[in-house]
Amino acid sequence: MDVRLIYSTLVLLVPLIGAALGSGDDGWSMRVESEVPAVEGYPVVLPCTFGHPQHSQHSSLQVLWRLGHGQGATVLYRCTSRPGAPTCEPGPQQDQRYRLEGNPREHDLSLRINSVTLQDGGRYYCRVEVQGREHISFEDKMGTRLRVEAPPKILALTVEGTEQSGYRAVCRVQGSPLPDIQWIGPDDLLEGSPAGPLAQGSRYHTVSQLRDVEPGRQYTCSASNPRGREHATLYVVAPRARPPVAGASPALLLLLSLSVGAKVLLLVGTGVWVVRGGALHRVCCWWK
C-alpha cells in the first residue's frame, strides 16, 4: 500500500475527528465530586462547577439539582439566574432545606442541604440550561453520591411471646453504617439473632432478638457503629395470675346467696309497710 496515500488519508481524518470530539460538548465542561460524606442533622455542600461558551454570559441560566437519574429522578432544587441579577431566584414552592451555595454567573452551581437526614442519601445530578433562541443544556452524567452517616438510635425495645411459647426481647435500631447489636444479661454477654427479613426501604434499620428471656430479670440492648453507641435496658415483668372464670367455691356462692336474699327481704318488707301505712291513712281520713 502506498505510504503517501495513507498519510494523506490521516491528514484528512484528523480534523474531522477533532471536530466531532469538540462538538460533543460544544465547549461545555462540568466538575463534581464522585462522593461526599455527611452526618445526619448537619448541613452539607455538594460541589458543582462548570465552564461554558462566552455567548451564554448574557443569557438567563436555569439551574436544576436532581436526586436520581432518568424517569424516576426527583427535582429537588430549581432556580433562574437572570443577567445582572445578584442571586439565582428559586421557585415559589421551593423546599427551604435546599439552597444554591454558589453563583451561576461565576460558574458555580454548588448546592447546600441543611439538616441532612438518612433519606437524603443517594446520587445527585446538577444541570444548567441556557435559555434563549437556542435552548442549550449540560448535565454531569456521573453524578455525586451523598453518603449519610448517623450514630445508632434504638427505636424500640420490647418483649414478645407468651408464657406457653416463651418470651423474647426484640431490639429495633437505626443507624448508618448499620450498627452492631449486643445483648447484655444479668451476668454476662448474651448471643442474639436477627429477627427476620426487614421491610423494603429499611436499609438503615436492623433488628435483633434475644430468645428465652426470663421474668424477673433485666436485659440491655447495646448498639454501636463508628459514629457512636447507644443502649437501652428493659425489665421483664412476671405475668399476673388470672382471676378464676368458673367453678367458684360453695362458700362463696352461699355468701352471695345470703346477701341477695337479705336485700330481697328488705325490699319486700319496705313495700308492705308502705302499703299498710297508706291503707291506715285512708281509714283514718274516712272516719274523719
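Q174 counts as buried in this predicted model, because its relative accessibility is 14%, which is under the 20% that sets the limit for buried residues. The residue is found in strand β13, a strand that spans residues 166-176. Leaving aside residues up to four places away in sequence, Q174 touches E40, L118, P151, P152, K153, L155, P179, Y204 and H205. With one of these, H205, the contact is polar and runs from side chain to side chain at 3.2 Å. The backbone of T206 also comes into this picture, since the C-alpha atoms of Q174 and T206 are separated by 6.5 Å although the two residues lie 32 residues apart along the chain.

A second polar residue, E139, can be described in a similar way. E139 has its place in strand β11, which covers residues 136-139, and it is buried, with a relative accessible area of 5%. Its side chain makes a polar contact of 2.7 Å with the side chain of R66. Beyond residues up to four places away in sequence, E139 touches M30, R66, H69, Y125, C126 and R127, and one of these, C126, leads on to the disulfides, as it is bonded to C48.

**Disulfides**

How many disulfides does the structure contain? The count comes to three, and when the bonded cysteines of the protein chain are numbered in sequence order, the pairing reads 1-4, 2-3, 5-6. The table sets out the distance between the sulfur atoms, the torsion about the S-S bond and the handedness for each pair.

| Pair | Sulfur distance | S-S torsion | Handedness |
|---|---|---|---|
| C48 and C126 | 2.1 Å | 60° | right-handed |
| C79 and C88 | 2.1 Å | 95° | right-handed |
| C171 and C221 | 2.0 Å | about -80° | left-handed |

The disulfide of C48 and C126 links distant parts of the chain, with C48 in strand β4 (residues 48-51) and C126 in strand β10 (residues 122-131), 78 residues apart. C48 counts as buried because its relative accessibility is 0%, and C126 counts as buried at 1%. In the pair of C79 and C88, both cysteines are buried.

The link between C171 and C221 is left-handed because the torsion about its S-S bond is about -80°. C171 lies in strand β13 and C221 in strand β18 (residues 218-225), so this pair ties together parts that are 50 residues apart in sequence. C171 is buried, and C221 is buried as well. Strand β13 therefore holds C171, and Q174 is found in that strand too.

**Nonpolar cores**

In soluble globular proteins, nonpolar side chains tend to be buried together. In this model the largest nonpolar core has 31 residues, and those with the most contacts inside it are W65, L109, I113 and L146. The largest share of this core, four residues, comes from β10, the strand in which C126 also lies. Apart from this core lies another, of 15 residues, among them A169, V213, C221 and V236; C221 is thus a member of a core and also a partner in the disulfide with C171.

**An open sheet**

Strands of a sheet pair through backbone hydrogen bonds, either parallel or antiparallel. Here, four strands form an open sheet in the order β15-β14-β18-β19, and their pairing is antiparallel. Which strands stand at the edges of this sheet? They are β15 (189-190) and β19 (228-235), each with a single partner strand, so one side of each is left without a neighbour in the sheet. Strands β18 and β19 pair in the antiparallel sense over eight bridges, and the bridge partner of T220 in β19 is T233.

**The chain as a whole**

The secondary structure of the protein chain comes to two helices and 19 strands. Of its 288 residues, 31% count as buried, and the accessible surface comes to about 19,400 Å², of which 57% belongs to carbon and sulfur atoms. Among contacts between residues at least 6 apart in sequence, 54% join residues at least 24 apart; the disulfide of C48 and C126 likewise joins residues that are 78 residues apart.

Methods. Residues numbered from 1 in each chain as written. Predicted model: local features only at pLDDT ≥ 70, side-chain atom pairs only at ≥ 80, totals over all residues. Heavy atoms only, no water. Disulfide = S-S within 2.5 Å. Buried < 20%, exposed > 50% of the residue type's maximum accessible area, 1.4 Å probe, protein only. Core = buried A, V, L, I, M, F, W, Y, C linked by side-chain atoms within 4.5 Å. Pairing = 2+ DSSP bridges. Contact = heavy atoms within 4.5 Å. Areas by Shrake-Rupley, 256 points an atom, 1.4 Å probe, with all protein chains shown as cover. Polar contact = N/O pair within 3.5 Å; in protein donor to acceptor, adjacent residues only side chain to side chain.
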